[in-house]
Amino acid sequence: MSQYKPSEHDGLKQDGTPDKRVGTGEFAHGQVDPVEAGKAGGQTSGSTGDQYKPTENDGLKKDGTEDGRVGTGEFAHGKVDPVEAGKAGGQSS
């Protein structure tokens with residue numbers, strides 16, 4: 001005896017009710033208009049595109065203090081001499 005497969009019967013269970021596990025073929029199950037979703041694609045609510053970016057302002061926050069997340073451009077944040085690190089590179093102690 002073979003097993004009944006709703007996917008082979010238009011997504012209906014044996015009793016005729018819809019099987020919710022079977023896809024409808026619609027974008028987001030018909031709950032979202034794909035055209036509207038495409039227009040808003042990549043945007044978040046309240047985003048105007050004029051957001052302040054410390055990376056574009058020498059690593060400074062709006063209030064002028066340093067943003068610790070932005071790199072200084074120095075090797076290991078200036079804590080290690082790159083020449084000495086290069087000399088020791090690959091050597092085991």
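The legends below describe close-up views of a predicted model.

In this predicted model, local features need pLDDT of at least 70 and side-chain atom pairs count only at pLDDT 80 or more, while totals for chains, interfaces and linings use all residues. Residues are numbered from 1 along each chain as its sequence is written, and side-chain values use heavy atoms, with hydrogens and water left out.

**View 1. Surroundings of G11, in the segment before α1 (34-39).**
Helices, such as α1, are DSSP runs of H or I with at least four residues, strands are runs of E with at least two, and both are numbered from the N terminus. G11 has a relative accessible area of 10% and is therefore buried, where buried means under 20% relative accessible area, exposed means over 50%, and partly exposed lies in between (1.4 Å probe, protein chains only). When residues up to four places away in sequence are not counted, G11 touches P6, T17, P18, D19 and V22, a contact being heavy atoms within 4.5 Å. G23 lies 12 residues from G11 along the chain, and the C-alpha atoms of these two residues are separated by 7.7 Å.

**View 2. The salt bridge between R69 and D67.**
Side chains of opposite charge can pair when their charged atoms come close. A salt bridge is a side-chain nitrogen of Lys or Arg within 4 Å of a carboxyl oxygen of Asp or Glu, and by this rule the count comes to 2 salt bridges. In this view, the side chains of R69 and D67 meet with a distance of 2.7 Å from N to O. Which of the two classes, buried or exposed, describes R69? R69 has 71% relative accessibility and so counts as exposed, whereas D67 is buried, with a relative accessible area of 6%.

**View 3. Surroundings of D67, in the loop between α1 and α2.**
The side chain of D67 also makes a polar contact with the side chain of R69, at 2.7 Å; a polar contact is a pair of N or O atoms within 3.5 Å, where, within protein, one must be able to donate a hydrogen and the other to accept it, and residues adjacent in sequence count only if both atoms are side-chain atoms. Leaving out residues up to four places away in sequence, D67 touches P54, G59 and K61.

**View 4. The salt bridge between K87 and E84.**
The closest N and O atoms of K87 and E84 are 3.7 Å apart. Both residues lie in helix α2 (residues 82-88), where they are 3 residues apart, about one turn of the helix. K87 is exposed, with a relative accessible area of 55%, while E84, at 44%, is partly exposed.
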